[in-house]
Amino acid sequence: MTSGRWQEHRLLLAVILLAAAGAVSGVLISFKVTHPWVIGGAAVAVAVVTVLSGLIQERYKRTVARREEVAFKLQDGTLVLPSGLLPKVSDLKDPVRLGVHPSISLPGSPTAEPPAYVPRDVDEEVRKRLASGGFVLLVGDSTAGKSRTAYEAVRATLPDHVLIAPHDRNALLAAIESCVRLKRSVLWLSDLEHYIGHGGLTREHVGRILGEGGHRVIVATLRAAERARLTSTPASPDSAVRAAGREIQEALEQAHPIYLLRMFSVAELERAQARNWDSRISSALKRADQYGIAEYLASGPELQRLLEDAWDIGVNPRGAALVAAAIDCRRAGYTSSLARPLLNDLHTAYLEEKGGQRLHPESLEEAWSWATRSRRATTALLSPVPDAGDGSVAVFDYLVDLKQQADGPLAQVSDVVIRAVLAHVHNPDDADQVAATAYRQGRYQLAEQARRTALNLHNQIRGHDAPSTLICRSNLALVLNALGRLEESEAEYRAVLKIQRRVIGEEHPSTLTSRFGLATLLRDLGRADEAEAEHRAVLEIERRVLGEEHPSTLDTRNQLAGVLHDLGRLAEAEAEHRAVLKIERRVLGEEHPSTLDTRNNLGGVLTTLGRLDEAEAEHREVLEIRRRLLGEEHPETLLSRGNWASVLFALGRLPEAEAEDREVLEIRRRVLGEEHPSTLSSRFGLVNLMHVRGGLSDAEVEAEYRTILDIGRRVMGERHTSTPTSDHGLASILRDLTRLIEPTAVRSADED
């Protein structure tokens with residue numbers, strides 16, 4: 001019997017006993033007991049029992065109601081048997097119901113059955129992990145075979161476990177509660193991007209599921225391109241930015257990732273040959289030099305060619321435009337099913353870009369018919385979502401994968417797409433994901449619009465004091481900080497904290513995250529003494545509640561060291577960075593992002609101390625690791641290159657510094673765009689260096705400054721430069737340029 005069920009039975013037993021006790025006085029009278037002390041005592045007892053019985057009955061009703069609410073949510077939002085009960089793993093015979101792509105149909109193949117399973121090289125590892133319990137995450141390209149591999153492993157290893165597979169994020173919390181109550185259960189999360197992030201799976205949820213008592217596992221799949229998007233780091237040194245994305249990172253860090261390659265290995269192909277009696281496997285083997293077996297079976301290449309060919313004159317260009325619009329909606333962070341009116345509104349811009357009427361596009365009705373038609377009994381380009389009721393569709397993730405891999409995790413879709421998505425969104429979690437994506441890309445005004453849309457939806461659907469609403473407000477404060485509207489940001493943080501302290505408590509992780517953001521903001525406002533006090537208060541709670549070596553504790557210590565740097569207490573700052581670094585190297589590893597962040601910040605302290613050779617070595621070593629792990633064009637790599645160039649400049653190695661700055665600027669222009677804050681910061685740094693080297697006249701320098709200032713004001717808002725800001729980043733650049741170029745305007749503002 002589970003603990004929840006036992007608690008319910010205990011309450012019911014208490015109600016029965018109290019009801020029996022309440023009948024005592026009647027029994028005494030029936031037996032003609034007339035002693036006044038006995039009767040009086042019984043009357044008092046009955047009164048007490050009546051009160052207690054009412055309280056316990058009310059508690060019992062609430063307990064049963066909560067159980068019924070969870071049950072109803074599970075039935076509405078998870079995979080269930082025709083009886084309405086949750087299935088055991090062995091009950092599921094069709095892997096398509098768990099997210100496996102439908103397979104192609106060929107003459108002679110049993111269309112009602114999945115293709116023969118080709119054992120993968122990772123099977124043994126997956127099954128061992130499942131047997132020992134934990135969080136198993138299969139990562140790979142779309143159609144690499146992740147879901148089928150997980151399905152076969154779960155059936156082979158845990159056939160008698162209860163399977164809980166929520167359809168979407170709305171059913172996740174109910175699914176978690178049910179999973180925790182069961183002794184043996186599997187929480188199945190196909191396409192983890194739908195269940196992680198704002199309001200989704202957290203480190204705490206994972207801990208509850210995998211806690212003591214019983215054998216529970218979490219099995220999830222995640223496309224490699226989505227993993228890169230979710231974990232891509234904004235091009236910002238701000239620790240508060242990292243804190244905002246820590247929830248996703250911490251949840252992913254609880255998983256044991258197992259990578260599955262799209263292309264089959266030699267050993268896997270040999271095992272496939274042994275199953276060529278299945279005509280579908282036999283057909284896939286003929287193209288195994290080009291495509292993975294699972295990729296071919298899911299018709300990925302075929303549908304990709306179909307989409308490319310559709311743009312030709314008179315073929316299906318309008319249908320192709322609908323699909324292109326759907327792909328970009330997903331890339332913008334919108335992970336729910338897509339409403340037809342949204343794609344109807346968006347697709348015309350894609351059609352016009354390709355040629356418009358010169359392509360002789362088909363009618364809209366014909367375009368939808370073409371795009372939603374299944375090919376060879378497998379998936380469609382746009383698949384209607386069952387039970388959606390409004391004709392919503394899901395785009396074939398293989399197509400999204402190809403686009404994300406080609407363009408990179410921080411590649412931008414147009415502002416038009418994001419604004420259209422926000423005009424149609426009805427789920428606050430979707431708006432939050434769009435906001436997070438825009439923020440990572442440095443598109444702060446769009447991020448603010450998305451956060452405000454999300455906040456309105458949170459208020460309407462979940463209430464003003466709901467934890468998810470407060471997290472959204474805290475993230476809005478972060479965006480306002482990035483926009484340089486620091487007084488607004490501070491007011492928002494303080495309003496959120498007031499409610500969080502009352503609703504969820506002083507020591508809740510969300511409360512601590514908001515306090516961390518406020519402390520960082522105080523540093524940006526130049527109020528370093530207040531920032532230090534706030535960080536120390538947060539640190540005291542984190543040490544006691546989370547422990548000395550928890551990532552959040554280490555992040556706070558790292559940020560506190562930065563404040564000490566600002567205060568000129570350089571010896572303390574260096575000592576704190578080195579103490580944090582020692583723990584991170586042991587607990588997280590030499591190449592963990594947090595370890596590299598601390599080394600980067602230590603390099604900054606060493607630069608200020610004038611120990612330039614040590615600083616240059618530190619920045620160079622961090623850069624080498626980031627290049628190897630993240631690639632030449634990742635924002636963190638570019639940040640390290642910029643920091644290294646700054647030390648080269650201080651060392652007087654000006655030609656090397658200029659060459660480095662030029663390369664960083666060129667990459668940022670190409671990858672992030674001309675108006676990204678990091679691109680503008682690179683332009684500012686390069687013009688300063690060239691001015692020192694004598695490569696630009698005073699007039700040319702001023703012209704470049706004005707260009708940067710004009711773009712910065714447009715990107716971050718006209719009000720931005722009126723606010724004092726931190727001593728790093730574009731915010732500081734805009735402030736300094738305003739004072740340099742428009743001294744009269746600044747003096748007037750100061751006088752006000």
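This is a short walk through one predicted protein model, from the whole chain down to a few helix packings and single residues.

Hi everyone. Some housekeeping to begin with. The model is predicted, so local features need pLDDT of at least 70 and side-chain atom pairs count only at pLDDT 80 or more, while totals for chains, interfaces and linings use all residues. Residues are numbered from 1 along each chain as its sequence is written, and side-chain values use heavy atoms, with hydrogens and water left out.

Let's start with the whole chain. It holds 35 helices and seven strands; these are DSSP runs numbered from the N terminus, with helices being H or I of at least four residues and strands being E of at least two. Of the 752 residues, 53% are buried. Here buried means under 20% relative accessible area, exposed means over 50%, and partly exposed is in between, with a 1.4 Å probe and protein chains only. Now contacts, meaning heavy atoms within 4.5 Å. Among those between residues at least 6 apart in sequence, 70% join residues at least 24 apart.

How many disulfides does the structure hold? Zero, where a disulfide would be a pair of cysteine sulfur atoms within 2.5 Å. Two cysteines to look at while we're here: C179 counts as buried, at 0% relative accessibility, and C329 likewise counts as buried at 0%.

On to helix 24, residues 509–524. With helix 25, residues 528–545, helix 24 packs at about 160 degrees, and the two axes are 7 Å apart. Axes are lines fitted to C-alpha atoms, for helices over the stretch in contact, and angles run from 0 to 180 degrees between N-to-C directions. So helix 24 is roughly antiparallel to helix 25. For the cut-offs, under 35 degrees is roughly parallel, over 145 roughly antiparallel, 65 to 115 roughly perpendicular, and the rest oblique. The crossing of helix 24 with helix 25 is left-handed, meaning that the near helix is turned anticlockwise from the far one by less than a right angle; clockwise would be right-handed. On the helix 24 side, the contact residues include L512, F516 and L522, and on the helix 25 side they include A531, V538 and I541. By class, the contact of helix 24 with helix 25 has 10 nonpolar, two polar and five charged residues. Nonpolar covers Ala, Val, Leu, Ile, Met, Phe, Trp, Tyr, Cys and Pro; charged covers Asp, Glu, Lys and Arg; the others, Gly among them, are polar.

What about helix 24 and helix 26? Helix 26 spans residues 551–566, and its axis lies 11 Å from that of helix 24, at an angle of about 15 degrees. That makes the two roughly parallel. Their crossing is left-handed. From helix 24 come F516, T520 and R523, which meet D555, T556, Q559, G562, V563 and D566 of helix 26. This contact of helix 24 with helix 26 has two nonpolar, four polar and three charged residues.

Next, helix 14, residues 300–310. Its buried residues are G300, P301, L303, Q304, L307 and A310, and they pack against helix 13 (293–297), helix 15 (317–331), helix 17 (364–371) and helix 18 (397–407). Take helix 18: its axis and that of helix 14 come within 9 Å and cross at roughly 75 degrees, and therefore the two helices are roughly perpendicular. In that contact, G300, P301, L303, Q304 and L307 of helix 14 meet Y398, L399 and L402 of helix 18. The tally for helix 14 with helix 18 is six nonpolar, two polar and no charged residues.

Just before it, in the loop between helix 13 and helix 14, sits S299. S299 is not a glycine, yet its phi is positive, at about 65 degrees. Is S299 buried or exposed? S299 is buried, with a relative accessible area of 1%. H360 also has a positive phi without being glycine, near 50 degrees. H360 lies in the loop between helix 16 (340–354) and helix 17, and is exposed at 54%.

Last stop, two more residues. H256 is in strand 5, residues 256–259, and is partly exposed at 23%. Its C-alpha is 5.8 Å from that of L137, although they are 119 residues apart along the chain. T637, in helix 30, counts as buried at 0% relative accessibility.

Thanks, everyone!
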